[in-house]
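Subject: Structure for you to look at

Dear colleague,

I am handing over the structure below, and after it you will find my notes on what turned up. Please read them with the coordinates open beside you.

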Amino acid sequence: MLESRWLKAVGVAAAITLATATAAQAAPAPNPVAAEGASAVVTLRYDDSRAGGWEAAIAAGVASWNSNVDNVKLVEAAPGTRAEIQIVATSGWPQATLGPVRPGGQVRVELGSQAVAQGHDKTRIAAHEIGHSLGLPDTKPGPCSQLMSGSSAGISCRNALPNAAEQSRVESAYAGGLAPRVPADGRVLVDAP
């Protein structure tokens with residue numbers, strides 16, 4: 001009887017071992033390359049409390065970047081919180097500090113009404129100036145399909161979406177979930193024609 005119980009226990013143990021080994025072979029092992037290649041998201045806060053009249057354009061410009069770049073997320077700063085991107089309305093031409101801005105750093109975006117008075121689209125202006133904060137220079141002259149062509153695309157251009165090259169450049173600047181390894185450029189780019 002003891003021998004029978006022992007044989008039964010050995011048989012059960014063998015069956016458990018076999019089932020575990022089969023399940024381990026059936027489940028794919030995690031791919032370390034894929035895990036390493038996945039980018040963490042860099043969150044950058046913006047403050048538009050001094051950009052009265054531009055709220056809808058800013059929201060649309062932010063949405064454009066958030067839906068087209070995977071590793072950077074722009075969020076509105078809570079009141080009293082320091083924001084990396086300060087957005088203000090001015091009476092001049094739009095301008096912005098050239099980034100890429102680092103978390104904890106700070107750049108300024110000025111949304112100038114002079115461009116709007118000449119017929120340029122507010123949402124395109126907002127998205128374009130935010131692009132400077134993310135490290136993109138102007139690509140003037142350029143077609144409407146390039147967000148960073150700015151005013152050189154003409155007043156009929158309403159495109160507020162970064163193209164594939166612009167998306168790639170921003171994603172590269174923030175790759176690995178880290179702030180850029182090089183400091184922000186810091187130049188102020190004025191987007192007058």
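**Ala153 and the loop around it**

Ala153 touches Arg124, Gly142, Pro143 and Cys144, when residues up to four places away in sequence are not counted. Please keep in mind throughout that this is a predicted model. Ala153 itself sits in the loop between helix 5 and helix 6 (164–173), and its C-alpha lies 7.2 Å from that of Pro141, a residue 12 positions away in sequence. Pro141 belongs to the loop between helix 5 and helix 6 as well, and the peptide bond leading into it from Lys140 is cis, with omega near -10°.

A cis bond is also found between Gly99 and Pro100, where omega is about 15°; Pro100 is placed in the loop between strand 4 (95–97) and strand 5. As background for both cases, most peptide bonds are trans.

**The chain as a whole**

The chain contains six helices and six strands, and, read from the N terminus, its elements follow the order α-α-β-α-β-β-β-β-α-α-α-β. Of its 193 residues, 36% count as buried, while the exposed surface of the chain comes to about 10,300 Å², with carbon and sulfur atoms supplying 60% of that area. If one takes the contacts with a separation of 6 or more, 64% of them are between residues 24 or more positions apart.

**The cavity**

How many cavities of 30 Å³ or more does the structure hold? There is one, and its volume is about 140 Å³. Its lining is made up of 14 residues, and those that lie nearest the centre are His120, Arg124, Ile125, Gly150 and Ser151. Helix 5 (residues 122–133) gives the largest share of this lining, with four residues, and by residue class the lining divides into five nonpolar, five polar and four charged.

Two of the residues named above can be described in more detail. His120 is located in the loop between helix 4 (113–117) and helix 5, and it counts as buried because its relative accessible area, 13%, is under the 20% cut-off. Apart from neighbours within four places in sequence, His120 is in contact with Trp93, Ala115, Ile125, Ser151, Gly154, Ile155 and Arg158, and among these contacts Ile125 and Ser151 are also listed with His120 as lying nearest the cavity centre.

Gly150, for its part, is in the loop between helix 5 and helix 6, and at 10% relative accessibility it too is classed as buried. With neighbours within four places in sequence left aside, Gly150 is in contact with Arg124, His128 and Lys140; the C-alpha atoms of Gly150 and Ala160, 10 residues apart in sequence, are 9.8 Å apart in space.

**The nonpolar core**

The largest nonpolar core has 32 residues, and inside it Trp65, Leu74 and Leu134 have the most contacts. At least two residues of this core come from each of strand 1 (42–50), helix 3 (55–68), strand 2 (72–76), strand 3 (85–90), strand 5 (107–112) and helix 5. Setting aside neighbours within four places in sequence, Trp65 is in contact with Leu74, Ala127, Ile130, Gly131, Leu134, Leu136, Leu147, Pro162 and Val170.

**Two residues of helix 6**

Which residues does Val170 touch, not counting those up to four places away in sequence? They are Trp65, Val69, Val72, Leu134 and Leu136. Val170 is a residue of helix 6 and is buried, with a relative accessible area of 0%; its C-alpha is separated by 10.0 Å from that of His132, which is 38 residues away along the chain.

Ala164, also found in helix 6, is by contrast exposed, since its relative accessible area of 58% is over the 50% cut-off. The C-alpha atoms of Ala164 and Asn68 are separated by 8.8 Å, although these two residues are 96 positions apart along the chain.

With best regards

Definitions and conventions. Residues numbered from 1 in each chain as written. Predicted model: local features only at pLDDT ≥ 70, side-chain atom pairs only at ≥ 80, totals over all residues. Heavy atoms only, no water. 1 Å grid on protein atoms, 1.4 Å probe; cavity = no way out; pocket = protein on both sides within 12 Å on 5 of 7 lines; lining within 4 Å. Points joined across faces, edges and corners; volume = space filled by probe spheres on them. Nonpolar A, V, L, I, M, F, W, Y, C, P; charged D, E, K, R; others polar. Buried < 20%, exposed > 50% of the residue type's maximum accessible area, 1.4 Å probe, protein only. Contact = heavy atoms within 4.5 Å. Areas by Shrake-Rupley, 256 points an atom, 1.4 Å probe, with all protein chains shown as cover. Core = buried A, V, L, I, M, F, W, Y, C linked by side-chain atoms within 4.5 Å.
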